[in-house]
Amino acid sequence: MQELLMNTDTIKKIERKWLARWENERLYSVKLDTSLPKYYCLDMFPYPSGAGLHVGHPRGYIATDVYSRFKRMAGFNVLHPMGFDSFGLPAEQYAIETGQHPRVTTDKNIATFKSQLRKLGFCYDPDREIKTSDAQYYHWTQWIFTQLFDSWYCLDTRQAMPIDALIQHLERSGNAEVNAWSDSRTSIISAQQWAKFSPLQQSEFLMNYRLAYRADSYVNWCPALGTVLANDEIKDGFSERGGHPVQKKMMKQWMLRISAYADRLLEGLDSLDWPEALKDMQRNWIGKSQGAEIDFQVRDSQIAINVFTTCPDTLYGATFLVLAPEHDAVEEITSPTFKAAVASYREEVALRSERERVAKTDRITGQFTGAYAVHPLTGENLPIWIADYVLADYGTGAIMAVPSADQRDFNFAQAFDLPVLQIYEGAEQANKPFPGKEGSRLINSGEASGMLRAEATDWILERLVATGAAKRTFNYRIRDAIFGRQRYWGEPIPVYYDEQGIAHVVPEQDLPVTLPDVEAFLPTSEGEPPLERARSWRYGGYKYETTTMPGWAGSSWYFLRYMDPTNSSAPVSREAMAYWQTVDLYVGGSEHATGHLLYARFWTHFLKDRGLLSFSEPFKRVLCQGMILGVSAIIYRDKATHEYVSADLKEGRDVQPLYVDISMVNDKNQVDIDALRAWRQTYSNGVFIYSNGVFLCDRLSEKMSKSKYNVVNPDDLIDIYGADTFRLHEMFLGPIDQTATWSTQSIDGPHKFLQKVWRLFLSEQGEMVVENLEPTAEELKVVHTAIAKVARATEDMSYNTAIAALMICVNQLGVLHCHKRSVLELLLKLLHPYAPFITEELWSEALGHSHSILDSEYPVADERLLYEAQFECPVSINGKLRTRIMLQRGMTEEAVKAQVLKDSTVQRWLSGGRLLKFIFVPDRIINIVYALNTD
Ligand code: ANZ
């Protein structure tokens, strides 16, 4: 505490000292303590990539750390853990390229992340760190999978039920009365039929119901990479990585029946304190639409085409049908003349990703099948086409095309010269080519004409439902989630196959199924997953499933594990779950809206159904931190002369923009040309055209990325300024949920602020200047004003506002030369959540406390002190403001009246009159009403 100035060395010493002490004293270990209210504050845990943290990452982590400290000081038992989402693709890719085991690289990356996070002084409970790739952890990820396998979704009780109950029902009375969320192709069977099924047939039948099931589904298969790809890993029909062709392929996959929970996942959103945009993303993803399924008989055939439509009222305008090229009926209905054309069109479409198929393009493709369907009301012939804009796994994979009401159908009709039939008219639609809106009228359908839209829907459906040709339905855009990947670095799916090929889950007592080592991490030459190489890896004599779980498995329940991280008999104990409950605040990126945040909700709903949890929603409040943009520097090269020209001279030249490292640019956008020449060979002998002796660049705010040389590493800044300054700076960039542009220059502000704080405790000579004197009213006002503002702003996570209030407070205390202990204590407490190191140091060394400041009580503002003792009160006489009088606060009305009436200005106005009324609004205004003496 003897240092003269708060310089880099002092800061380093202080930070090192407190990191060690906090760890030794286990300051951040929290225990289940039912005498205290709990608060659960969580970050989305990181995937430990090889690149380490950049300044964008810690924004959310600092935000939750500030909040956790604040809540703990306010009397809460705060759970604030951190862990690692440590299975995943990059480690595996690296392993394929280098032969290094992903476990080795992952552990190395985790060590880097931890050392970076440690420097920032986060209050994570060290005893609760988890890694999803730990067998003790994935033991329970596997266990949850087995529970999903052993469950089906009952639509009567609206919850998951044990599969045994379903089996008993099948044995007793078949499935006619079973109201389940199941595969749409599930046939109705009797108890006798069930009894006659072979064990393999029974197991396959149950797959229609299980929440974890194996089924054929279309996947994006990349033969060269030997794996299934997600939609966003494909571009123009080729793999993003490597550029290999990708095909739609029917494959047996492990899937999770998330669609069963679609309604509950929708309804649950209403009660959550999430950004509305995030909720909307989930709503759209789930995509519930109301409509009907209508059967169209194929002419001269037994087959009926079942279409899904959200606009049954437009049935009279349907002029053709379109099937997805993959539709089951295509083969059978196609007439001989069109077989070859249909086959070749189907092949062509198989190469297109779903995204390309739905994208609006000018390229309209399709193929006539030669078959016709019968319009269910008019009996007319409707040609049946196949086209890529109809997707196989949405709705029923077939549509009735209504060119007069639907733009895509209209475009298709135009492209292939198919008829367009107007069906609606209405004043509002007079100029619009596509009516079908509320208020318009159905015109050309005989009996039905003159109806409004809702009436037309009812009228049409009544007729069709009566004959069994239609039913009202809901359709959901959400698909069941593919759960098996042809990868190595993931949780083994705890399934083995018996000699008949029946899938069984590994019994509870034999979990976890640990990931075996293999010689190579690539798929085998036969295109089998890498785990096929582990030949001796068997359950008893039986072969294990060799696909592994996807990246989102481990992250779908990790927030539960933090409550009870070492439990070896359950994912989480009842006691821990009952105390910690849901996450109160969850901070992370909005890119997880329809992935992680949806899957985690699904698993939580499921675990609640199966009695493991008492709540269904995992995250009460979610906040998405805004991105931190980097600042890129761009210089220009004349394409003709190859000279580099200062940015202000580029007008009129044909120039090529080039990124240069932002560290070579000063705050006036001047580029350090010597540094640039030394930086890259290409610049060393370049010709630079200066402007008035300087060389300018342009700047651009954009996402931080290595290729743009605009990445800022937090370690470098912490090395110079310390973690407290860094934390303050990040929180001062702007509202936490909004995009902010990084600025290294402005880190000076928070740094100077902390210097000023330091100065309130120590003189420039390094002497302690804290005094044990009573504070003045003015000093109290300053600090209590800060308490009121900072407490409220911190509670609201409006951190930039809180920091601004702290800065004002420190400036004012500086002006007042206030070194009073009782005032400075309050200031330190307010500052602590933002700057834990310096506040702990001053609290302990300058103020002599023996316990951590984190265990002190958060101050409460004394409202009375927020005002000055005296105030200037406006006095109005007969409604006109005449003067202002200084009054003591808290005076009685009599005392005020006595003082006011003695005032010379007031006396002057009242002279020659009679006081009628004296109105005093405390702390606000005085109103005097008087009348002139008339006698
Ligand atoms: C007739 C119609 C008339 C339709 C009209 C729309 C407007 P949402 O709201 O997204 O659920 N459709 C159905 N299945 C499809 C598939 N597999 N691929 C592509 N399109 C499909 O949209 C449902 C509507 O999208 C359905 O209602 C159907 O076209 C089309 F004025 O039927 B509609």
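A residue counts as buried under 20% relative accessible area, as exposed over 50%, and as partly exposed in between. Keep that scale at hand for the exercises below, which use a predicted model.

**Exercise 1. Is Ile 919 buried, partly exposed or exposed, and which surface patch does Ile 919 help to make?**

Step 1. Start with the area: Ile 919 has a relative accessible area of 36%. The limits are 20% and 50%, so Ile 919 is partly exposed.

Step 2. Now look at the companions. Leu 916, Ile 919, Val 921 and Val 929 make a nonpolar surface patch of about 280 Å².

Step 3. Find the element that gives the most to this nonpolar patch: that is strand 34 (residues 913-921), with 3 residues. Ile 919 lies in strand 34.

**Exercise 2. Describe how strand 34 and strand 35 are joined.**

Step 1. Strand 34 runs antiparallel to strand 35 (residues 925-932), and 8 bridges join the two.

Step 2. For a pair of facing residues, take Ile 919 again: Asn 927 in strand 35 stands opposite.

Step 3. Finish at the turn. The two strands form a hairpin with 3 residues between them, and Asp 923 in the turn has a positive phi of about 65 degrees.

**Exercise 3. Which strands stand at the edges of the open sheet with the order 2-1-24-25?**

Step 1. Note the pairing: this open sheet has 4 strands, and the pairing is parallel.

Step 2. Strand 2 (77-79) and strand 25 (622-624) each have a single partner strand, so these two stand at the edges and one side of each is left without a neighbour in the sheet. From one strand to the next, the twist averages 20 degrees.

Step 3. Zoom in on one pair. Strand 1 (residues 38-43) pairs with strand 2 over 3 bridges, in the parallel sense, and Lys 38 stands opposite Asn 77 in strand 2.

Step 4. Add the helix. Helix 2 (residues 58-73) lies across strand 1, strand 2 and strand 24 (585-588), and runs at about 170 degrees to strand 1.

**Exercise 4. Work out the layout of the open sheet with the order 13-14-12-15.**

Step 1. This sheet has 4 strands with mixed pairing. Strand 13 (367-374) and strand 15 (398-401) are its edge strands, each pairing on one side only.

Step 2. Neighbouring strands are turned by 30 degrees against each other on average, direction ignored.

Step 3. Strand 12 (residues 320-323) and strand 15 run antiparallel, joined by 4 bridges; Val 322 stands opposite Ile 399 in strand 15.

Step 4. Helix 12 (residues 339-350) packs on the sheet, touching strand 13 and strand 14 (381-386), and its direction makes about 110 degrees with that of strand 13.

Conventions. Residues numbered from 1 in each chain as written. Predicted model: local features only at pLDDT ≥ 70, side-chain atom pairs only at ≥ 80, totals over all residues. Heavy atoms only, no water. Pairing = 2+ DSSP bridges. Axes fitted to C-alpha atoms, helices over the stretch in contact; angles between N-to-C directions. Contact = heavy atoms within 4.5 Å. Patch = residues over 30% accessible without salt bridge, like charges linked within 9 Å, V, L, I, M, F, W, Y side chains within 5 Å. Areas by Shrake-Rupley, 256 points an atom, 1.4 Å probe, with all protein chains shown as cover. Salt bridge = Lys/Arg side-chain N within 4 Å of Asp/Glu carboxyl O. Buried < 20%, exposed > 50% of the residue type's maximum accessible area, 1.4 Å probe, protein only.
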